[in-house]
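Subject: A structure for you to explore

Hi there,

Here is the structure I promised to pass on to you. Have a look at it first, and then read my notes below.

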Amino acid sequence: MAVMVVATSEGGQYNGKITWFVLLSSLVAATGGIIFGYDIGISGGVTSMEPFLKKFFPEVYHKMKEDSKISNYCKFDSQLLTSFTSSLYVAGLVACFFASTVTKVFGRKPSILIGGAAFLTGAALGGAASNIYMLIFGRVLLGIGVGFANQSVPLYLSEIAPARYRGAFNMSFQVCVGIGVFSANLLNYGIAKIKGGWGWRISLAMAAAPALVLTVGSLFLPETPNSLIHRGNGHEKAKRILQRVRGTDDVHAELDDMIEASNKARAIKHPFKNIIRRKYRPQLVMSIAIPFFVQVTGINVIAFYAPVLFRTIGLGESASLMSAVVTGLVGTGTTFLSLLLVDKFGRRLLFHIGGILMFIPQMVIGGIMGAKLGDEGGLSDGYGILILILICIYVAGFSLSWGPLGWVVTGEIFPLEIRSAAQSINVAINFLFTFIIAQVFLTMLCHFKSGIFFFWGGWVIIMTGFVYVLLPETKNIPIEKMDQIWREHYFWKTIVLSKQEHEESIY
């Protein structure tokens with residue numbers, strides 16, 4: 001693996017190649033995505049399993065099996081049931097702010113280690129749960145683990161990756177999220193056939209497998225050179241690690257830019273106060289808008305509740321779980337395709353293509369369900385298969401664009417002096433709206449019915465326009481030089497440049 005990249009005096013590119021050392025380090029760190037994806041997939045699967053519902057949520061089980069007067073859209077409407085899913089994201093929301101301090105003061109590596117260990121403990125509790133309180137407490141620990149991992153892993157991948165391939169490296173996090181979702185869906189389908197009704201315990205406990213890889217693997221990860229320099233652990237140590245991950249001794253240009261960025265960062269004593277300054281306005285807007293838009297695509301509705309949604313349209317338990325496996329496989333495959341395309345065609349083009357691929361299926365699904373699915377009965381096999389195909393197209397659109405790019409772009413646009421704070425805001429907004437949507441979706445489905453798909457489709461139009469107007473291309477730009485894109489953007493330069501600088505830029 002020896003793709004050489006020539007450095008320029010402006011820092012456009014740096015010397016180096018993709019080494020096995022940086023590949024292995026990135027793969028270990030990216031397993032943080034597997035634990036996140038596994039939980040997304042597993043929670044939706046177990047909440048459609050009858051033995052699980054009968055033990056922990058008997059009211060929902062009764063409505064599903066015995067109450068024929070309940071609308072198709074309202075059978076799973078239970079705040080306690082949604083609390084099982086959403087409690088993780090409340091814990092993650094709180095944890096990510098503690099993770100910001102750990103990541104900044106102690107480094108990216110300790111934060112990844114804490115995330116893995118917390119998730120490992122939560123998986124053990126979930127698998128052994130004997131009552132709802134134990135089940136929810138396990139979810140809280142899982143949330144702490146995901147909060148720490150989601151805060152630190154994207155930063156780690158952005159900082160350790162070669163600038164020219166940063167998009168692909170950072171996207172490995174989302175690829176692993178997809179692998180986690182697919183693995184969980186596949187496991188759910190298999191264990192649902194276990195006689196005795198205890199298969200859900202395997203689903204919950206197996207979350208420990210990727211968590212163990214992340215926890216043990218993090219012990220052997222190198223700290224990022226950016227973090228070492230910023231924490232004052234010596235430029236020589238950072239230089240040695242940089243030489244090792246780049247596979248060359250000539251790292252002076254990149255190291256000098258890291259030191260310069262660190263010196264600027266040290267002058268910032270209160271990053272959360274500084275991020276609201278005018279010069280950081282674009283980064284603040286993106287750290288809020290991008291994770292918000294990711295959630296209002298409606299993707300987590302599919303991820304969390306795909307089996308529930310398929311049961312709503314009349315499929316049986318086994319068919320619903322298998323349909324979730326299919327959508328998970330499509331998502332993983334398309335995310336990998338996005339990884340291959342992102343550094344060749346750029347971020348903006350993939351955002352636009354993804355928006356089209358998400359919008360059209362949502363409109364058609366909403367129309368079919370509105371016209372063909374009433375409060376009772378189900379869809380015909382033909383319409384059921386058509387909705388599955390449309391959902392797969394929608395998932396492919398998300399996995400090509402907002403799924404991976406939501407992490408890629410926010411992992412690369414923040415300057416070092418506000419990086420931990422901005423990433424915490426990004427993760428917090430992600431968790432906040434994931435929690436809100438997870439908590440209210442089943443109620444929304446009950447009241448909006450098929451209109452829920454038109455609701456998500458409207459947001460897809462808005463977010464695609466947002467990218468077209470306000471997000472500049474970040475392809476191939478070194479992370480230490482990323483502030484330049486805002487100074488050259490037709491809109492953002494009117495905000496980030498001083499009046500004198502703006503007048504000079506015109507002439």
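A charge sits over a ring if NZ of Lys or CZ of Arg is within 6 Å of the ring centre and within 35 degrees of the ring normal. Please keep in mind that this is a predicted model. Two places fit the rule for charges and rings. Lys55 lies over the face of Phe56, at 5.6 Å from the ring centre. Arg244 does so over the face of Phe21, where the distance to the ring centre is 3.9 Å.

Now for the chain as a whole. The average pLDDT of the protein chain is 82, and 87% of the residues score at least 70. Residues 1–11 have a pLDDT below 50, although this stretch has 31 contacts in the model beyond near neighbours in sequence. Where pLDDT is low, the predicted coordinates should not be read in detail.

The chain has 24 helices and 0 strands. Of its 507 residues, 60% count as buried. It exposes about 19100 Å², and carbon and sulfur atoms supply 67% of that area. Among the contacts with a separation of 6 or more, 79% are between residues 24 or more positions apart.

Next, the aromatic rings. The model holds 17 aromatic pairs. In one of them, Phe292 and Phe433 meet edge-to-face, with 4.8 Å from centre to centre and 75 degrees between the planes. Phe292 belongs to helix α14 (residues 281–295) and Phe433 to helix α20 (residues 419–448), so this pair ties together parts that are 141 residues apart in sequence. Are these two residues buried or partly exposed? Phe292 counts as buried, at 18% relative accessibility, because the cut-off for buried is under 20%. Phe433 has a relative accessible area of 22% and is partly exposed.

Another edge-to-face pair is made by Phe491 and Trp492, with 5.0 Å between the centres and 70 degrees between the planes. Here Phe491 is partly exposed at 33% relative accessibility, whereas Trp492 is buried at 3%. There is also an aromatic cluster, formed by Phe292, Phe293, Phe351, Trp402, Phe433, Trp459 and Phe466.

Helix α5 (residues 108–128) is a nice one for checking a helix by its length. At 1.5 Å a residue, its 21 residues should span 30 Å, and the end C-alpha atoms are 31 Å apart, which agrees. The buried residues of α5 include Ile112, Gly115, Gly116, Phe119 and Gly122.

Which residues does Ser218 touch, leaving aside its neighbours within four places in sequence? They are Val28, Lys109, Ile112, Leu113 and Val213. Ser218 itself lies in helix α9 (residues 208–218), and it is buried, with a relative accessible area of 0%.

One last residue to find is Phe137, in helix α6 (residues 132–160). Phe137 is partly exposed, at 48% relative accessibility. Its C-alpha is 9.7 Å from that of Phe84, and the two residues are 53 apart in sequence.

Enjoy looking around, and write back with any questions!

Best wishes

Technical notes:
Residues numbered from 1 in each chain as written. Predicted model: local features only at pLDDT ≥ 70, side-chain atom pairs only at ≥ 80, totals over all residues. Heavy atoms only, no water. pLDDT = per-residue confidence, 0-100. Contact = heavy atoms within 4.5 Å. Phe/Tyr/Trp six-rings, centres within 6.5 Å; stacked < 30°, edge-to-face > 60°. Helix = DSSP H or I, 4+ residues; strand = E, 2+ residues; numbered from the N terminus. Buried < 20%, exposed > 50% of the residue type's maximum accessible area, 1.4 Å probe, protein only. Areas by Shrake-Rupley, 256 points an atom, 1.4 Å probe, with all protein chains shown as cover. Expected span 1.5 Å × (residues − 1).
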